[in-house]
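This report describes selected side-chain interactions and helical features of a protein model. The structure is shown first, and the description follows.

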Amino acid sequence: MADALTVEPYKPLYRNYVLFILFLGYVVNALDRSILNILMPAIQEEFSLSYTQLGFLGGIAFALFYATCGIPIASLADRTSRKWILSGSIAFWSIMTAFCGLARNFPMLLAARIGTAIGEAGGSPPSHSLISDYFSLKKRGTALSIYALGVPIGGMIGLYLGGHGNDWWGWRTTFIVAGLPGLIVAFLVAFTVKEPKRAAPTSGKNYNPLSALKLVTKRPAFLHMGLAAAMHALVWYGAGNFNSVFLVQTHSMTTSQVGTWFASFALVGAFGTFFGGFLSDRLSQKYNDERFYMLVPGASVLIGVPFQFLSYLHPDPNFVMAGFAINAFFASVFFGPSFAMAQALVPASNRALAASLLLFIQTMIGLGIGPLIAGIISDALVPAFQENALRYALVAVALFNIWSGVHYYLASRTVREDIESAKAES
């Protein structure tokens, strides 16, 4: 009898269509999330906001609601129709993004931004679960990597639309324009995506979210992978929050130059994202060994560390930008393999919850405290290093990737046994 985790429903053409629609959902997710950053100067000027208020708006306020709301929404998706949960979430966060443009004061903008976070919390978990039911384990890493391309591509669109839209229409209209495409995607999800049968459906009467969480957390591979992804996210968000400040202060670049470079780095990151899932799938199939899903991202986060040092320590801007570009590639490799394993390490009925739990760990540690840690270290180094304090603080933050690599290795030691346990429970 065929393994339930290897069955692929529907024809390849339709499976790929569904993947494309889910990818579009992730594109508008990343677009709506990232557009705030480039519109912050205009918002700060109009509302006379402090940097603390801007940091609260773009950091912990978003991360807290995005992370905590993800688990209950994922639990609901595991019990009900994932496509309707996803469609409703896309529509909600798109409307909230548009409402940001209607805000008349900081509290109204903050409320709309929190609404965006709540909506986006319902995006990835049901999408990951649907992809895992449409694609077998041997193809799942590549499929999830293609889905994850929505982050760099959506970020690129957000940077372009935000920067130019602010000049063309002002920040308010730009928010409204950014929210419109999501409503179209929400319609396509609702009326063109079919809900596949689950390998082990759960009824609302017998479903216990606490039991599902215990099931996830008893897998050593999942725990180590979660910590690995969290440490890498701490570097991703912590350093990313200050990279533009570093380049302007240390290398006298203009913000337009920084924006152009970072848009190109996002494209490089897209290649890294696809490469990570593709390479993990190929190596695991060739050697019949799922440990490569942990070893590939583990090696990548370690390889990226020297290039981060190059970016922050070299005096020549050409070498600095080369370091950023290479690191953007390796930093993006972890997406596909990590989320593929999040789906494989739990029974089929808990896949949305598993994706949400991994996102929760990444978001709270990475987006929630990563920028704060980088700022604290920088302030602490000012007496000793003056204008170079931020430079050495970012070098220190980069070291967390070594911690990440260790946990990916530890996850690889038990991942095969944990996958077998998940298959048995499915």
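Serine 404 is located in helix H18, which spans residues 400–412. In this predicted model, serine 404 has a relative accessible area of 0% and is therefore buried, the cut-off being under 20%. When neighbours within four places in sequence are set aside, the contacts of serine 404 are Ala228, Met231, His232 and Val301.

The salt bridges form a second topic. How many salt bridges does a search of the whole structure find? The search returns six. Three of the pairs are listed below with the separation of their N and O atoms.

| Basic residue | Acidic residue | N to O distance |
|---|---|---|
| Arginine 33 | Glutamate 120 | 3.0 Å |
| Arginine 82 | Aspartate 133 | 2.8 Å |
| Arginine 291 | Aspartate 289 | 2.7 Å |

In the pair formed by glutamate 120 and arginine 33, the closest N and O atoms are 3.0 Å apart. Glutamate 120 belongs to helix H5 (residues 106–120) and arginine 33 to helix H1 (residues 12–47), so this salt bridge ties together parts that are 87 residues apart in sequence. Glutamate 120 is buried, its relative accessible area being 0%.

Arginine 82 and aspartate 133 are joined by a salt bridge of 2.8 Å, N to O. Because arginine 82 lies in helix H4 (residues 82–100) and aspartate 133 in helix H6 (residues 124–134), the pair ties together parts that are 51 residues apart in sequence. Arginine 82 is buried at 0% relative accessibility, and aspartate 133 is buried at 8%. Both residues also belong to a network of salt bridges that links Arg82, Asp133 and Glu195.

For the salt bridge between arginine 291 and aspartate 289, the N to O distance is 2.7 Å. Is arginine 291 buried or exposed, given its 30% relative accessibility? Arginine 291 counts as partly exposed, whereas aspartate 289 is buried with a relative accessible area of 9%.

Helix H8 is considered last. This helix covers residues 150–168 and has 19 residues. From its first C-alpha to its last, H8 reaches 25 Å, close to the 27 Å expected at 1.5 Å a residue. The buried residues of H8 are Gly150, Pro152, Gly154, Gly155, Gly158, Leu161, Gly162 and Gly165. An α-helix has 3.6 residues a turn, so residues three or four places apart point the same way. Just after H8, glycine 170 adopts a positive phi of about 100°.

Key:
Residues are numbered from 1 along each chain as its sequence is written. This is a predicted model: local features need pLDDT of at least 70, side-chain atom pairs count only at pLDDT 80 or more; totals for chains, interfaces and linings use all residues. Side-chain values use heavy atoms; hydrogens and water are left out. A salt bridge is a side-chain nitrogen of Lys or Arg within 4 Å of a carboxyl oxygen of Asp or Glu. Helices (H or I, at least four residues) and strands (E, at least two) are DSSP runs, numbered from the N terminus. Buried means under 20% relative accessible area, exposed over 50%, partly exposed in between (1.4 Å probe, protein chains only). The expected span of a helix is 1.5 Å times one less than its number of residues. Contact means heavy atoms within 4.5 Å.
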